[in-house]
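Visitor: I am new to reading structures, and I would like a close look at a single part. Could you take me through one helix and then through the helices around it?

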Amino acid sequence: RAEPPRHRGGGPLSLAAGLLGAALALSGAADEGSQTAGSDDRLLTARVQALVRPAHDWLVANQNADGSFSIVRNDAAAPAPVAVTALSALSLMAAGNLPDRGRHERAVRRAVDWLVDHCDARGYFTTDGDAVSQMHGQGYAVLALSQAWGMDAGDATRRAELRAALE
């Protein structure tokens with residue numbers, strides 16, 4: 001059996017390793033002295049926010065010029081562009097960034113617009129080179145756009161575009 005290629009530097013494996021490390025750090029609960037005796041924050045909200053903020057900053061800094069997100073930096077033609085863009089938008093929205101408000105509202109709006117622009121007449125979200133993630137990309141795109149539609153208090157035209165892509 002062939003060994004998979006080893007990556008050095010900041011590729012997808014580094015991101016995955018970083019996310020795994022963050023998850024493991026959180027799963028072990030807070031350090032002994034990090035919570036006060038009267039604290040009941042079992043969700044470790046402040047700690048999670050402290051980990052998520054730089055991750056979102058990294059996502060936004062690496063968003064493609066066309067508004068999409070991809071596994072390979074600056075390459076919307078890389079595998080799974082619909083799924084990766086939708087999941088990135090969902091993560092940003094889960095932290096309170098919406099197309100019309102929040103610290104990263106512009107990045108969310110650009111990702112949502114990219115998804116809408118890649119919805120064909122049949123309601124299918126696709127790009128020319130995406131042979132990998134078509135079905136799960138479809139599901140994530142519908143979820144991201146329905147979340148944006150439900151929470152965006154933007155103008156009527158924008159809401160109509162979102163609704164048309166969802167119908």
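Guide: Before we start, a word on how angles are taken: axes are lines fitted to C-alpha atoms, for helices over the stretch in contact, and the angle between two of them runs from 0 to 180 degrees between their N-to-C directions. Two packed helices are described by the angle between their axes and the distance between the axes. Please keep in mind that this is a predicted model.

The part to look at is helix α3, which covers residues 81-94. Helix α3 has 14 residues and reaches 20 Å from its first C-alpha to its last, which is close to the 20 Å expected at 1.5 Å a residue. Just after α3 comes Gly96, whose phi is positive, near 95°.

Now consider the surroundings of this helix. Eleven of the 14 residues of α3 are buried, so the helix is largely enclosed by the rest of the structure. These buried residues are Pro81, Val82, Ala83, Val84, Thr85, Ala86, Ser88, Ala89, Leu90, Leu92 and Met93. What they pack against is a set of three helices, namely α2 (45-61), α4 (105-117) and α5 (134-151).

One residue of α3 is worth following by itself, and that is Leu90. Leu90 has a relative accessibility of 18%, and because buried means under 20%, this residue counts as buried. If its neighbours within four places in sequence are left aside, Leu90 is in contact with Tyr140, Leu143, Ala144 and Gln147. The chain also brings Leu90 and Ala141 to a C-alpha separation of 9.2 Å, although these two residues are 51 residues apart along the chain.

From Leu90 we can widen the view to the whole meeting of α3 with α5. These two helices pack at an angle of about 30°, with their axes 8 Å apart. Because angles under 35 degrees count as roughly parallel, α3 is roughly parallel to α5. In passing α5, helix α3 makes a left-handed crossing. On the α3 side the meeting involves Val82, Ala83, Ala86, Leu87, Leu90 and Met93, and on the α5 side His136, Gly137, Tyr140, Ala141, Leu143, Ala144, Gln147 and Ala148. Sorted by class, the residues of this contact of α3 with α5 are eleven nonpolar, three polar and no charged.

Helix α5 in turn leads us to another neighbour, helix α6, residues 156-166. Here α5 and α6 pack at an angle of about 150°, and their axes are 10 Å apart. Because angles over 145 degrees count as roughly antiparallel, α5 is roughly antiparallel to α6. The crossing in which α5 passes α6 is left-handed. Val142, Leu145, Ser146, Ala148 and Trp149 of α5 meet Arg159, Leu162, Arg163, Ala165 and Leu166 of α6. The contact of α5 with α6 comprises seven nonpolar residues, one polar and two charged.

Finally, α4, which is among the helices that the buried residues of α3 pack against, has its own meeting with α6. The axes of α4 and α6 come within 10 Å and cross at roughly 45°, and the two helices are therefore oblique to each other. Their crossing is left-handed. Arg109, Val112, Asp113 and Val116 of α4 make this contact with Arg158, Glu161, Leu162 and Ala165 of α6. By class, the contact of α4 with α6 holds four nonpolar, no polar and four charged residues.

Technical notes: Residues are numbered from 1 along each chain as its sequence is written. This is a predicted model: local features need pLDDT of at least 70, side-chain atom pairs count only at pLDDT 80 or more; totals for chains, interfaces and linings use all residues. Side-chain values use heavy atoms; hydrogens and water are left out. Helices (H or I, at least four residues) and strands (E, at least two) are DSSP runs, numbered from the N terminus. The expected span of a helix is 1.5 Å times one less than its number of residues. Buried means under 20% relative accessible area, exposed over 50%, partly exposed in between (1.4 Å probe, protein chains only). Contact means heavy atoms within 4.5 Å. Angles under 35 degrees count as roughly parallel, over 145 as roughly antiparallel, 65 to 115 as roughly perpendicular and the rest as oblique. A crossing is left-handed if the near helix is turned anticlockwise from the far one by less than a right angle, and right-handed if clockwise. Ala, Val, Leu, Ile, Met, Phe, Trp, Tyr, Cys and Pro count as nonpolar, Asp, Glu, Lys and Arg as charged, and the others, Gly among them, as polar.
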